[in-house]
Amino acid sequence: MAPRVILFNKPYGVLSQFTDRGTEGSPRPTLSAFIEEKGFYPAGRLDRDSEGLMVLTDSGPLQARIAHPKYKRPKSYLVQVEGAPEAAQLEALRAGVTLKDGPTKPAQVRLTEPPATLWERDPPVRYRKTVPDAWLEVMIREGRNRQVRRMTAHVGLPCLRLIRLSVGDWHLNDLRPGAWRWSSETGR
């Protein structure tokens, strides 16, 4: 049987796992609050405070090919940052920056506007009248823990909101937060 793939738009505050084993009776929502299909596992993680596309599959080998850094699947993100990005900051991200766990590979980065279809976040992102914010589209080919957040902070642009738009050939498109759909692509 061919591997099956679920594309899920993970809302803010949801853990990217099916159980919260760390705290019995925890009120923290998990994937099980949204996906009842059995035998599926996330191919990669998305932090609790991040939103957007998660790919889940019922195939262990496919899960490894999606998540493992050696396959260098591109992942793109819509990132709201605090501050007005300067050319030097964007160039530093494009060249790769050195974080505590070593240098990152170069990222593709561009200033953008949020799409008209972008949903409101609950709770909303903090807003400060005296500090501008901007939106970036960032594409990376590795997947370290909180990498995009750490990269933007490293160049002086703290991340306010992070939404994963794509993983490889899978795209979020118009999938609303908390919703999922089957993918006809197996990403081989």
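Ala, Val, Leu, Ile, Met, Phe, Trp, Tyr, Cys and Pro count as nonpolar here, Asp, Glu, Lys and Arg as charged, and the others, Gly among them, as polar. Keep that handy, and remember that you're working with a predicted model.

**Exercise 1. Work out what the largest pocket is made of: how much space lies in it, and which elements supply its lining?**

Step 1: get the volume. About 460 Å³ of space lies in the largest pocket.

Step 2: find the lining. There are 27 lining residues, and Arg-45, Leu-46, Gly-143, Arg-144 and Arg-164 sit nearest the centre of the pocket.

Step 3: place the lining on the fold. At least two lining residues each come from α1 (60-67), β4 (75-82), α3 (147-154) and β9 (159-167).

Step 4: sort by class. Twelve of the lining residues are nonpolar, six are polar and nine are charged.

**Exercise 2. Do the same for the second largest pocket: which element gives the largest share of the lining?**

Step 1: the space here is about 250 Å³.

Step 2: 15 residues form the lining, with Pro-115, Thr-117, Leu-165, Leu-172 and Asn-173 nearest the centre.

Step 3: β4 and β9 each supply at least two of the lining residues. The largest share belongs to β9, with three residues.

Step 4: the class count is eight nonpolar, five polar and two charged.

**Exercise 3. Track down the largest nonpolar core: which of its residues touch the most other members?**

Step 1: pick out the well-connected residues. The core has 19 residues, and those touching the most other members are Val-79, Val-109, Leu-136, Val-138, Ile-140, Val-148 and Met-151.

Step 2: see where the core comes from. β4, α2 (87-95), β8 (133-140), α3 and β9 give two or more residues to this core, and β8 gives the most, with four.

Step 3: zoom in on Val-138. Leaving out residues up to four places away in sequence, Val-138 touches Lys-75, Ser-76, Tyr-77, Val-79, Ala-107, Gln-108, Val-109 and Val-148.

Step 4: look for a separate core. Another one, of 15 residues, lies apart from it, and its members include Ala-43, Leu-53, Trp-135 and Leu-172.

**Exercise 4. Hunt for enclosed space: how many cavities of 30 Å³ or more does the whole structure hold?**

Step 1: a search of the whole structure turns up one.

Step 2: the volume of the largest cavity is about 50 Å³.

Step 3: name the walls. Glu-82, Arg-126, Tyr-127, Arg-128, Val-131, Pro-132, Asp-133 and Leu-160 line the largest cavity.

Step 4: run the class count again. This lining has four nonpolar residues, four charged and no polar ones.

Note on methods. Residues numbered from 1 in each chain as written. Predicted model: local features only at pLDDT ≥ 70, side-chain atom pairs only at ≥ 80, totals over all residues. Heavy atoms only, no water. 1 Å grid on protein atoms, 1.4 Å probe; cavity = no way out; pocket = protein on both sides within 12 Å on 5 of 7 lines; lining within 4 Å. Points joined across faces, edges and corners; volume = space filled by probe spheres on them. Core = buried A, V, L, I, M, F, W, Y, C linked by side-chain atoms within 4.5 Å. Buried < 20%, exposed > 50% of the residue type's maximum accessible area, 1.4 Å probe, protein only. Contact = heavy atoms within 4.5 Å.
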